[in-house]
Amino acid sequence: MDLIHGIINVFSPLNLFYCLLGCLFGTLVGVLPGLGPATTMAILLPITMYLNPTGSIIMLAGIYYGAQYGGSTTSILVNIPGETSSVPTCFDGYPMTKQGRAGQALCIAAIGSFIAGTFGVLGISFVGIGVAKYALKFGPAEYFALLFFSLTALITISGSSVIKGLGAGVTGLVLASMGTDPMTGVGRLTFGTIGLTRGLEIIPVAVGLFGIGEILINAEAGIAKIYEGKLGKMMPRGKDLKKGLGACLRGAIVGLPLGVIPGIAPPIASFLAYDLEKKISKYPERFGSGMIEGVAAPEAANNATAQTGFLPLMAFGIPTSPAMAIILTALMINGLKPGPLLFQEQKQFIWTVIGSMYIGNVILLILNLPLVGLWARISVLPYKYLGPVILGICVIGAYSSRNTMFDVWVALGAGILGYVMRKKHWPMAPLILGFVLGPLFEEALRQSLSIGGPLIFFRRPISLVLFVCAILVVIISLKYLRRVSKGDDPGT
Amino acid sequence: MEQRSSASPLRVKLKRLRIFLEESRENMKMLGWIEGAVLLGIGLIGSAEGLRLTQNIDPDAISDVLGPGYYIFFLGLILMIAGVTHLFSHYRKTLSMKKEPSDRETGKQKTNLTVLYMAVVLVIYLTIINIAGYLVATPIFFLLEFRLAGVKSWSRNVILTLVITTAFYFIFINYCRMVFPPGLFFK
């Protein structure tokens, strides 16, 4: 009943408008190489202060899962992945285009994204409330253990070096502790400056790291060739359709559980799904030459992961990726504390957001298929026009949080840091999540130690299990996941 | 007849270290050392701050076991360990790597300068905005940034700058009612 009310609420003109806007921005962001969903969400975050809470979260969520849809367009048509999660789509999508089957590739990518996205939202709808009720049993020790597990997973899975991940994550925690200690009121790492006494705000840091950093990196990007060929038949038929649908379902099954694990961003799920498809295929040697399964599976997986990533955020208040961290920030800015009480105290809000994901998936299917030619042309918009405008928006965004130039300088510093980190392949996800979760992490740790000392983490079963899971994640990551090609930080 | 090397083991090691450092610099691998040093530096600052807080704070003012100091002290310690490990692993990696062409040789440095100039323009913009005000500093900023980004035609640049500045004014100042620095000359 709550879900039905939520879907009905989405059909209010304002909410529908924000849903459409989010999906439109998301597809645009997915299509434009170099502009990730986390970057766009960070840039638009200050604007959400002027919107109502429901509308702002609907829009940000639409950008996130919409980008997964849009990323496939340029991967298939011009062999340039719009998002990191669409890299595997290039392997077979572009060969399909060269064979005159671009339409079928785009169609199966959109269908796969829709199927997986719908499964993901169904998962959130039916599992989310149960998980949230379970989360009510969590005390400070359990929360600390969960945060520790999340950060550990992120540090070991993001990027190619555990030391770099650890350095980035702990630096995020240190940056988060700058300012006034909430429990005693003493200044920490303020260096005698008034600006730092108030600590670092998340908006300038996010805008700088993802916005300014991204623009500086993309100042070097080139222009792709515009796709001028015909799309061919849109809908795959017969065996191709059967194979494609099968791969969609398998990709969705791979991606759905991965979304709840911190650090497993859509790019990792899409690579794993592609790998799996190749392994189980009767003709693995044909992958890379235009196999429809090679397009369907990664697209389904990345969308499934994007959707189920909302589950830990809504149920526990724990973001699993930088994009989720930005949604968490948006929730906090609007005075909403994500976690188990959100499902109880803000029922209308939460079910409207979940309902908007159903509607958003339909909107994206409509946007992506008929308008594919338009998106292909937009994808090669020269960055020389876009870059300075986005830089200007970043400056305004950073300034808007506290109306102080100090925050803009912080954004610039974060931007330079983000640029250097990207150039030198340092993962950004641990840094931003360490920064966002730092206050919660410290509070949970200090409260737990005050209640029961260090042994409390081992006396409470949920906390113990989470610590064991953290160790397992480290072992699994070091042994198996290093094989998966990562390239840049998949968190963006 | 073969000549025996009279260099001591220490001299040989020092020579290898000097050659290694020179090659690192040539191969632009110095950044690996800088990365480790930065981690070490942040760790030292964090630990020092943590120690200062644990020693200088009134124990009666602390309501929890950890206090504000120990937490940041241990974070600093972890960063220092990470920094040292990174430095060590970078040293081992560089020993086994072949000399690669430097960025200067491959032409990459030109691109990095454009990025550097864009960052410098941003710094100048943030500096002069308090003096000249938002409405004066912003068009100058866009003019320079568009030029650096690759808009070579000045007429197109000026048109773009005017359009974007006007759009920003109406959206952010007029509609969103944001208050930007007016500068010293406008109140």
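**Exercise 1.** Determine which pattern chain B follows along the sequence.

*Solution.* Read from start to end, chain B has the pattern α-α-α-α-α-α-α. Chain B thus contains seven helices and zero strands, where helices (H or I, at least four residues) and strands (E, at least two) are DSSP runs numbered from the N terminus. The model is predicted: local features need pLDDT of at least 70, side-chain atom pairs count only at pLDDT 80 or more, and totals for chains, interfaces and linings use all residues. Residues are numbered from 1 along each chain as its sequence is written, and chains are lettered from A and ligands numbered from 1 in the order in which they are written.

**Exercise 2.** State how many residues each chain brings to the contact, and resolve the side of chain A.

*Solution.* Chain A gives 39 residues and chain B gives 46; two residues are in contact if their C-beta atoms, placed from the backbone, lie within 7 Å. On the side of chain A that touches chain B, at least two residues each come from H8 (162-176), H19 (383-400), H20 (405-423) and H21 (429-452). H19(A) supplies the largest share, nine residues.

**Exercise 3.** Classify the mutual orientation of H10(A) and H21(A).

*Solution.* The axes (lines fitted to C-alpha atoms over the stretch in contact, with angles from 0 to 180 degrees between N-to-C directions) of H10(A), residues 202-218, and H21(A) come within 11 Å and cross at roughly 175 degrees. The two helices are therefore roughly antiparallel, the class for angles over 145 degrees. Among the residues making this contact are A:Ile202 and A:Leu209 of H10(A) and A:Phe435 of H21(A).

Technical notes:
Angles under 35 degrees count as roughly parallel, over 145 as roughly antiparallel, 65 to 115 as roughly perpendicular and the rest as oblique.
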